[in-house]
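Subject: Structure for your review

Dear colleague,

Please find below the structure that I am handing over to you. My findings follow after it.

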Amino acid sequence: MLQYFKKFVSAEDGAITVDWVVLTAATVGLGLIILVAVKPSALAKADNISDIIAATDP
C-alpha cells in the first residue's frame with residue numbers, strides 16, 4: 001500500500017489536467033463577470049431598438 005501511495009505522490013500525469021481545469025474555470029468566471037457588467041446596457045439598447053421598430057409605420 002505504501003508503494004502505491006509513493007507512486008501516486010510522485011506521478012505528474014494529472015498536473016496538466018489540473019492546470020486546464022483551473023484555466024477553464026478562470027475563463028468561465030471572467031466571462032460571467034463580463035456578462036453581468038454588459039447585460040443592463042445591452043437590454044436597454046434592445047428596448048430602444050424595439051421601441052423604434054414598434055413606432056415605425058410599415
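A residue is called exposed when its relative accessible area is over 50%, and buried when that area is under 20%. By this definition lysine 6 is exposed, because its relative accessible area is 54%. Please note that the model is a predicted one.

Lysine 6 is located in helix α1. From the C-alpha of lysine 6 to that of aspartate 57 the distance is 77 Å, with their positions 51 residues apart in sequence.

The overall form may be described as follows. The protein contains two helices and zero strands. Its radius of gyration is 25 Å, whereas the globule rule gives 10 Å for 58 residues; the protein is therefore more spread out than a compact globule. The C-alpha trace spans about 80 × 20 × 15 Å along the principal axes.

As to the surface, 0% of the 58 residues count as buried. The accessible surface amounts to about 5,700 Å², and carbon and sulfur atoms account for 72% of it. Leu2, Phe5, Phe8 and Val9 make a nonpolar surface patch of about 490 Å². Phenylalanine 8, one of these residues, lies in helix α1, which comprises residues 2–10. With a relative accessible area of 65%, phenylalanine 8 is exposed.

Finally, with regard to charge, the protein has 4 positive and 6 negative charges, and the mean positions of the two sets are 15 Å apart.

With kind regards

Note on methods: Residues numbered from 1 in each chain as written. Predicted model: local features only at pLDDT ≥ 70, side-chain atom pairs only at ≥ 80, totals over all residues. Heavy atoms only, no water. Helix = DSSP H or I, 4+ residues; strand = E, 2+ residues; numbered from the N terminus. Rg over C-alpha atoms; globule rule 2.2 N^0.38 Å. Buried < 20%, exposed > 50% of the residue type's maximum accessible area, 1.4 Å probe, protein only. Areas by Shrake-Rupley, 256 points an atom, 1.4 Å probe, with all protein chains shown as cover. Lys, Arg positive; Asp, Glu negative; His and termini not counted. Charge placed at Lys NZ, Arg CZ, Asp CG, Glu CD. Patch = residues over 30% accessible without salt bridge, like charges linked within 9 Å, V, L, I, M, F, W, Y side chains within 5 Å. Salt bridge = Lys/Arg side-chain N within 4 Å of Asp/Glu carboxyl O.
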